[in-house]
Amino acid sequence: MDGLPLLTSILLCPVIGLGLIVLIPGGAARAVRWVSLLSALAATVMSIQLWRGYDAVTGGLQFVERLPWVEAVGISYHLGVDGFGTILVMLNSIVYLTGVLTMWDLTERVKGFFGFMLLLVVGVYGVFMAQDLFFFFFFYEVAVVPMYPLILIWGSGNRDYAAMKLMLFLLAGSALLFPALLAIYHSAGLGTFDMVLLSQHRFDTDVQIFLYPLIYLGFGVLAGMFPVHGWSPTGHVAAPSAVSMLHAGVLMKLGAFGILSVGIRLLPQGAAHWAPTFTVLAAIGIVYGAFVAIRQTDFKFVIGFSSVSHMGIVLLGLNLAALGQAGEDALNGAVFQMFAHGIMTALFFSTVGFIYDRAHSKTIADFGGLGAQMPRAVSIFIVAGLCGAGLPGLASFWAELLVFLAALKTYPLVGVVVIVGLVLTAVYILRVFRDAFFGEANPRWQSLVGLDMAGWQLLPRAILVGVLLFFGFFPRFLLDVIDSTTTSVLARFWMQ
Amino acid sequence: MDTTTLILATTFAPFAGFVIAILFLHRSPQLAQVVVTTSAAVALGGAVQLWLNGPAEPLRYLWFTSGAIDLYFGFLLDGLNLMFGVAVALITLCVIVYSIGYMADDPSKTRYFALLAFFEWAMLSFVYAVDLLQSFIFWELVGLASFFLIGFWYQKPSAAEAARKAFLMTRIGDVGLLIGVLLVMMTAGHFDIPGLLDPDVGLVTRLAPATLTAITLLIFVGIVGKSAQFPLHTWLPDAMEGPTPVSALLHSATMVAAGVFLMARLYPLFLAAETTRSVILVVATITALLAATMAMVDRDIKKVLAYSSISQLGFMLMALAAGSLFAGVFHLITHALFKALLFLCSGLFIHHFATNDLEQIGRSGGRGMRLTTIGLLIGGGALAGVPPLSGFFSKEEIFAALGHGGGSAFTIAAFAAAFLTAYYTFRMIFLVTVPDRIEPHTADDHHEGSAEPWTMALPVVVLSLGAALAGGWGDKIAAALGVEISHHSIGDMLPAIGVVAAGVVLAWLDFGRGDRAGFLTRIPALQSLFSNGWHIDEIYRAVFVRITGWVATLLHGMEVKGLDGGFDRFGVGILGAGSGSRRVQSGWVQFYGGCAVVVVGAIAFYVGMGG
């Protein structure tokens, strides 16, 4: 790949993979799998290279590529990553790789599945790299659209309903976004979609205040923002494992990333103006999601609502960042949580998917004592659960710690409320442990004894557990990269 | 060896043992046992050597930086830490060796030993921590280890439930602790423990009294959870669902000790916060008395010991609250030794007679197990405060401390609690050792195999020596803490001796002649109140558990019927409006149609705006 810029190379991995998959005859499932895996591996290796290559001391936008495209309206193929983009590209690669491995055993319409999945991955990479508003939105839609067929065709349970609901919600979000993005383009009057140039423009305060909520809500839908989160648990439940992994692991981060790189970066005053309101909504979301998760009877619904709760921490951090008092901790925590939550939910869904494939049930009450029958799968689920509960040693801890600290500094009451929410998280996680995994072994699942994770099936889960532990013990490797960008993003608030 | 190597070996040897065992030794439990025992021995060797070397400069390694936070991972090597590190390492090694015998037949031995190593690593890293956030992190990991060990036999529903309860109730305390720790960060700007305690630039001089009170109270909330104080004490009696050696560890030098240790660690802050200390004194006194009453009536040997732990932890906190760091830490250490001993002895009985029931053990011939009975007498004597065993001296220091800084009401309460302690401890001893008058020997006492294999006997001997002799270590402990102590004359000690004697005599009158019913059986109301734990758990179930459930149900209903349902009805309405064309459209077409409309509309908008 000599000569090709790194970001385009990463982006090309799933594109080439997709191209090959289209050419491969539908019957050759094996070839489809291997193409997907190799493309994922290549992308992962290059993402790690990106992460190691990103200069955290200098910070700012790096690995920039720029090709004018439609010069008349100022659209260019402009890629580049800052610290946030770098780690999120890495997140996407990890979820992509482990997602392919998780779905290795798929037999139904393999070609179509991996095709759509790779398309989704292309879109996600694109959003994290794009520095041009047009491409940003283009990639955003490319990422969102494949969810519909993926759930409708390969999903389970109430999949028609889930797919339709998801699409309606996300289209509604896009309907808010599209005019807002065009309005940004026009009110800047620069005749360019270039986000770097736009971010240097100072938008009129009234325009910012008018446009910011559109951006926040539009992207917030995808981020699982309370109270427009309804599509997300339903979607998680109906989707096949790898799609849930990508969906909760990466796609929801697109929403938060959109708020960050379009909302906060371009409209800082709007963000600061609306931050108190959205802070309260985010805090409600954290507690609300946890409470609702307590009452769920289905594994995936518990995880789905826990995602609403955990993404609330990201949104809370973003809003606190806009308020300034503890901006650096808040933003560091929010981005760290995007990464940590991505890996954690991927692990959750990968493992639940495994159990579901074996037992064909994801109703918690059906199980009990599963720990004796599938010790490995259960142990891995427990790691994910403990990460969700914010246990130190696993990546989420640092993210939550930083956001909580910022919350206490900015709004002590909000801080106390969300920290108390930790108890609720422990309640629903421990309930799943006790009801499904501990207790007397249910003879109904005795047949599963020999079917526990083995050999390569452990691989994707081991990778995810390894990542959670690694950044749980060595948060520096992530934080240094994040922090380099946080400072420059926050400087936007002082400039204005 | 230099200090750095030593401390790294001490803390990371158990970690290495854990990692090796859990990853590689699932099929060779014998090897796992060897690896973990070796790692614990290394840790003990390192801790002892560090202690002999004496206090050293703290070691700090930058963990990460974010905004204003610089977090260090490191080791604080002052007298308190070095001394308690030895206690932790010693007791853990005893428990691990004992477990070789106790858990010989368990199919999940590897998991068990790996968890013990993890537990030791977490506790040692907590004890030596130089940074308050590091303390918090390992405090949580100690809790996690307890969760897994209490629920070790997770297939027993009661064990699974006990583990959950322990985790949740300590978690409630941890919320307070976390807020307290973050407040420290916000006010001091760092987490460095020596810096926070510094008399010139530390928190005490920098903070307004109200802030200091708030911080120390919040930290105390964490201690209440961890050290099982009223009202968060109810998890500890249930925690005996874990294997007995785990209880020995949990009740002595690790889990519950962490709370008291944290207060000792941050003592200058508490010393400066009058209000906080008054609160602690009240809570600790209530706990010491309340738990003692529960221990008077239970028939389960492990539960009696568990209640006694709660009560004794109350004693330690009373001493600390009354202003004596020395008395609190002294009792923490003697208690660690004699409580570990008592649990190991109870484990021997349970292992041999397969029952937790005091009367059943007595009937089966408990005193036939000579070594165990001697251990029980020494440990029980120390717990009751019989001179010259260790507990007597440390408790005597507590009375003295309360006399100085606690006020007479609390001193009297402490004497009352000590009286009850002597009573319930000797009730336990008599029930086990004195033959039943009515049915002396029912069960066969000739079980297969040795009742006291050497792996289980050796730790009992070591801890018996410790429990018997630790009373003489007062000077060393005071020196390690850097405090002056005054020696008490025999005359000063008389009240304490009298109280203990009264308790022992009452126990003898009730149980010493083979009777099985104490005076409380004649007061059924009290008997039932005590044996139901003052109904505290039932109150929790009726109030907090139910309220949480209600709110969850309410919000769940709101989600399904209101919020989400509302969107659904909205969506159905929209779809209904388009039902005429719906027959010819699959979802796909509709979807693409939607996309197309949006795109075309956007382009039109864009062109219309004159771009």
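This section describes one helix, the cysteines and the nonpolar core of a predicted model.

Helix H1 of chain B covers residues 3-24 and has 22 residues. Its first and last C-alpha atoms are 31 Å apart, close to the 32 Å expected at 1.5 Å a residue. H1(B) nevertheless bends by about 40 degrees at B:Phe12. A proline, B:Pro14, follows within four residues of the bend. B:Pro14 is also one of the buried residues of H1(B). The others are B:Leu6, B:Ile7, B:Thr10, B:Thr11, B:Ala13, B:Gly17, B:Phe18 and B:Ala21. The buried residues of this helix pack against four elements of chain B: helix H2 (29-53), strand S1 (59-66), strand S2 (69-75) and helix H4 (109-128).

No disulfides are found in a search of the whole structure, over all chains. A disulfide needs two cysteine sulfur atoms within 2.5 Å. For B:Cys94, the closest cysteine sulfur lies in B:Cys345, 12 Å away, so the two are too far apart for a bond. In turn, the closest cysteine sulfur to that of B:Cys345 is the one in B:Cys94. B:Cys94 is buried, with a relative accessible area of 7%. B:Cys345 is buried too, at 0%.

The largest nonpolar core has 440 residues. A:Ile184, A:Phe437 and B:Trp235 have the most contacts inside it. Helix H16 of chain B (residues 325-353) supplies the largest share of this core, 20 residues. Beyond its neighbours within four places in sequence, A:Phe437 is in contact with residues of chain A that include A:Phe299, A:Leu370, A:Val378, A:Phe381, A:Ile382 and A:Val432. A:Phe437 also touches chain B, through contact with B:Tyr154.

Definitions and conventions. Residues numbered from 1 in each chain as written. Chains lettered and ligands numbered in written order. Predicted model: local features only at pLDDT ≥ 70, side-chain atom pairs only at ≥ 80, totals over all residues. Heavy atoms only, no water. Helix = DSSP H or I, 4+ residues; strand = E, 2+ residues; numbered from the N terminus. Expected span 1.5 Å × (residues − 1). Bend = angle between axes of the 7 residues up to and from the residue. Buried < 20%, exposed > 50% of the residue type's maximum accessible area, 1.4 Å probe, protein only. Contact = heavy atoms within 4.5 Å. Core = buried A, V, L, I, M, F, W, Y, C linked by side-chain atoms within 4.5 Å.
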